[in-house]
Amino acid sequence: SSGINAEYGGIIHGHQVVPWGDHDAIATIRRQLDVDVMISGHTHKLEAYEKEGKFYINPGSVTGAYSPLERDPVPAFILMDIQANSLVTYVYSLTNEEMEVKKIEFKKSVPDREE
C-alpha cells in the first residue's frame, strides 16, 4: 500500500530508548519496525518532527507531569487525522495558561510508477 495507515505507524512507550528521548535511538527502532510514523513517549517532552522522510511524535504529558528529563513540562496532547498519503497532527499545548494549537502535516512520498 502506498498510503499511511495503522500498519505504517509504530508506537512504543519510550522507556526502551537509550538514552531516553534520543532521536537517533528512536530512528533505529523505527527502522527495525519498518514504519513511516513513530510515536514514542516516556520523556513527557512534546515533540513532532520529520526526519529523513519519516515522521516522529512524542505527545508529551497531558497533565504536564514531572520528568527528570524535562525541567518544565508543558501540558500537551495530540490528535491525528490519517488520510491516504497524508497525516495531519494537531498539537495542543498549554503555555502561559493559553491553549495553543499547531497543525503539522506529513505527506508520505510515493515513488513514481513506471509505465
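Is Glu97 buried or exposed? Glu97 counts as exposed, at 75% relative accessibility; here buried means under 20% relative accessible area, exposed means over 50%, and partly exposed lies in between, with a 1.4 Å probe and protein chains only.

Before we go on, a word on the model: it is predicted, so local features need pLDDT of at least 70 and side-chain atom pairs count only at pLDDT 80 or more, while totals for chains, interfaces and linings use all residues. Residues are numbered from 1 along each chain as its sequence is written, and side-chain values use heavy atoms, leaving out hydrogens and water.

**Two sheets**

Strands of a sheet pair through backbone hydrogen bonds, either parallel or antiparallel. Helices (H or I, at least four residues) and strands (E, at least two) are DSSP runs numbered from the N terminus, and two strands pair if DSSP finds at least two bridges between them.

One open sheet has 4 strands in the order S1-S2-S4-S3, with mixed pairing. Its edge strands, S1 (9-11) and S3 (46-51), each pair on one side only. Within this sheet, S2 (residues 37-39) and S4 (residues 54-59) run parallel and are joined by 3 bridges. Look for Met38, which stands opposite Tyr56 in S4.

The other open sheet is antiparallel, with 3 strands in the order S5-S6-S7. Here S5 (76-83) and S7 (98-107) are the edge strands. S6 (residues 86-95) pairs with S7 over 10 bridges in the antiparallel sense, and Ser93 stands opposite Glu100 in S7.

**The helix**

Helix H1 (residues 23-33) has the buried residues Ala25, Ile26, Ala27, Ile29 and Arg30. Their cover includes S2 and S4, judged by contact, meaning heavy atoms within 4.5 Å. At the N-terminal end, Asp22 caps H1, with a side-chain oxygen 3.3 Å from the backbone nitrogen of Asp24.

**Backbone surprises**

Most residues other than glycine have a negative phi, and most peptide bonds are trans. These three residues have a positive phi:

| Residue | Phi | Place |
|---|---|---|
| Asp34 | about 55 degrees | just after H1 |
| His42 | near 80 degrees | loop between S2 and S3 |
| Glu97 | about 65 degrees | loop between S6 and S7 |

His42 is partly exposed, with a relative accessible area of 25%. A cis peptide bond joins Val18 and Pro19, with omega about -10 degrees. Pro19 sits in the loop between S1 and H1.

Technical notes: Polar contact = N/O pair within 3.5 Å; in protein donor to acceptor, adjacent residues only side chain to side chain.
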